[in-house]
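Please open the model in your viewer and keep the selection tool at hand. The tour below goes from one selection to the next and says what can be found at each stop.

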Amino acid sequence: MMTSPAVAFIEQAEYEKGFADHFASHVAPILAEVERERIARLKHFVLVCVLALLGGASGLYFISLLGRPDDSEFQGKLGGAVIAVAVSWPVLVHHRYITHMKGRLLPNVVSFFNLACRPGDCISKLQLAPFGILPQHNLYMGEDHISGVLEGVRIEISELRLSMRTRSGKTPVFNGAAVLLEVKKPFYGQTLVKRDRGAVLNWLSARASSLDRVALEDPRFEELFEVYSTDQVEARFLLTTAFMERLMALANLMQNWGNDPAKLEQDAFWAFRVRRLQASFTGGKLLLMIPCRKNLFEPGGLFRSVYRLNEIRCVLYQLHLIGQIIEVLKLDEDIGI
Amino acid sequence: MEWLLIPLLVLAAGYIWYATIISRRNQVLESLGGIDVQLNKRHDLIPNILTIARRFMEHERELLQSITELRGKAQAGIGSKDSAAVEEHLKMETELQARMERFFALAEGYPQLKSDSTMLQAQRTYNEVEEHIAAARRFYNAAVASLNNAIQIFPGGLFASFAGVSTYPFYEAPAGAKAPISAADYLQTQHDDEPRRSVH
């Protein structure tokens with residue numbers, strides 16, 4: 001019978017303070033079981049890969065025996081289908097394990113921040129569409145719906161993957177985090193902060209939009225973003241000079257995350273491409289769409305032991321960064337934005 | 001017929017410049033309207049605040065009276081379109097704002113007034129209205145900058161005088177707001193025997 005090694009979380013960064021106790025009470029007790037499941041699933045995955053390879057090769061061989069020379073197109077399509085099944089079977093097995101493992105570990109990790117997590121769920125398209133900053137897409141997928149109160153502000157976070165499916169294939173249009181935040185300043189209209197795409201595209205975008213373009217005083221802000229609103233006065237009420245400074249400070253902060261010499265931070269969280277950050281004030285809330293190159297909130301994988309704890313550190317760091325958004329934008333203070 | 005092309009282009013450019021000046025002038029008027037909406041809200045709030053304050057601030061009758069009179073004068077200027085009248089109106093509103101700031105500073109010295117729930121609510125609402133006024137002024141300044149650029153860059157002045165449009169003044173902070181604040185002035189008043197503070 002496999003005995004679990006004694007596992008303790010060593011706090012290394014300031015934002016990890018207190019997590020060692022939380023880890024001991026909430027995460028460590030289930031780690032042994034999760035690791036046993038991982039090993040069993042890994043063995044199953046290897047078996048599936050072998051079977052898929054053998055099955056795929058056999059299938060292609062039989063297809064080559066069946067057909068006549070003038071049936072090459074049909075043979076090609078059939079061969080493609082066999083390869084697709086052979087490849088997708090192990091991928092499906094891998095994906096199912098990741099979903100199951102996240103369901104076990106992630107809620108216990110995020111509860112450290114008094115947040116709840118539903119890994120298989122995400123913020124609905126119906127909730128986000130009115131904000132007006134979702135790129136055009138016909139495929140909406142998401143996961144890791146985290147919600148609660150962080151730094152005194154009601155928050156919902158989801159990882160989103162939006163794509164355009166056409167006849168020629170699937171084109172990703174957005175991969176990243178959608179962060180929905182409570183705003184303490186009352187407002188009634190809609191104000192969009194979109195990324196600056198150059199004079200021509202901005203002009204075309206302004207013509208196509210039903211909102212008025214808002215020209216703000218800060219030239220650095222104007223270089224990074226284009227603002228549209230239903231109300232010129234309300235847009236300036238929300239985007240005070242102080243808030244514009246804070247949004248730019250956030251952009252700079254996130255860019256510097258990638259330059260940190262610690263490999264962990266470079267590897268894990270520099271993917272926030274903040275020049276492409278977009279924001280929308282709608283219905284009393286602020287939505288931030290932050291593109292990311294990597295998958296977020298992944299507390300482990302099929303091929304790495306859960307006892308490594310590196311992935312858990314990554315999740316803590318990601319949530320710490322989102323907390324920094326609230327801190328930098330001062331959304332937790334009642335002075336307003 | 002090619003000789004017509006250049007005069008036509010000049011005419012077209014002239015018309016576009018003229019139309020730009022008119023549309024920017026209209027945006028300035030729109031922004032003035034936006035400020036007036038917020039100023040009306042402030043004017044509606046002031047009597048409520050003064051009514052609550054009168055119960056507690058009997059010694060400040062002079063200030064309360066001056067605020068009431070200034071509010072009446074400033075309210076008459078709402079809706080001005082002429083640039084000279086707008087400048088005068090903005091000055092009066094700035095003076096009214098300064099008097100209200102002095103009023104709130106003095107109110108700090110009246111503990112009963114400070115803790116009155118209706119006064120607290122009125123003050124929160126007033127602060128929100130002031131933030132909206134600041135936002136409306138920023139919109140006004142942006143619109144004025146755009147209009148003044150179109151007029152002052154040659155040959156904009158020619159089209160502007162033809163259209164009867166003149167430049168508008170920017171909203172500027174009053175001189176008092178730009179003066180450096182000395183903490184010693186405020187700290188000195190804490191040693192007074194009188195329960196209320198005088199703030200100049």
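Begin by selecting A:Arg304, which in this predicted model is partly exposed, with a relative accessible area of 36%. Add A:Glu311 to the selection, and you will see that the side chains of A:Arg304 and A:Glu311 meet in a salt bridge, at 2.4 Å from N to O. A:Glu311, unlike a partly exposed residue, counts as buried because its relative accessible area is 11%, under the 20% cut-off.

Next, select residues 310-329 of chain A, which form helix α9. This helix has 20 residues and spans 29 Å between its first and last C-alpha, close to the 28 Å expected at 1.5 Å a residue. Of these 20 residues, 16 are buried, so α9(A) is largely enclosed by the rest of the structure. Just past the end of α9(A), click on A:Lys330, whose phi is positive, at about 55°.

Now move to A:Lys102 and A:Glu143, whose side chains form a salt bridge at 3.4 Å, N to O. A:Lys102 belongs to helix α2 (residues 72-110) of chain A and A:Glu143 to strand β2 (residues 139-150) of chain A, so this pair ties together parts that lie 41 residues apart in sequence. Are these two partners buried or exposed? A:Lys102 counts as buried, at 2% relative accessibility, and A:Glu143 is also buried, at 12%.

From there, select A:Glu159, which sits in strand β3 (residues 153-166) of chain A and, at 3% relative accessibility, counts as buried. Leaving aside neighbours within four places in sequence, the residues in contact with A:Glu159 include A:Met141, A:Glu143, A:Asp144, A:Lys294 and A:Glu298.

For another charged pair, select A:Arg220 and A:Asp218, whose side chains meet in a salt bridge at 3.2 Å, N to O. Here A:Arg220 is partly exposed, at 45% relative accessibility, whereas A:Asp218 is buried, at 12%. Over all chains, the count of salt bridges comes to 21.

Finish with the cysteines, and ask how many disulfides there are over all chains. The count comes to 0. Select A:Cys117 and A:Cys122 to see one case: the sulfur of A:Cys117 has its closest cysteine sulfur in A:Cys122, 12 Å away, which is too far for a bond. A:Cys117 is buried, at 12% relative accessibility, and A:Cys314 also counts as buried, at 16%.

Definitions and conventions:
Residues numbered from 1 in each chain as written. Chains lettered and ligands numbered in written order. Predicted model: local features only at pLDDT ≥ 70, side-chain atom pairs only at ≥ 80, totals over all residues. Heavy atoms only, no water. Helix = DSSP H or I, 4+ residues; strand = E, 2+ residues; numbered from the N terminus. Expected span 1.5 Å × (residues − 1). Buried < 20%, exposed > 50% of the residue type's maximum accessible area, 1.4 Å probe, protein only. Contact = heavy atoms within 4.5 Å. Disulfide = S-S within 2.5 Å. Salt bridge = Lys/Arg side-chain N within 4 Å of Asp/Glu carboxyl O.
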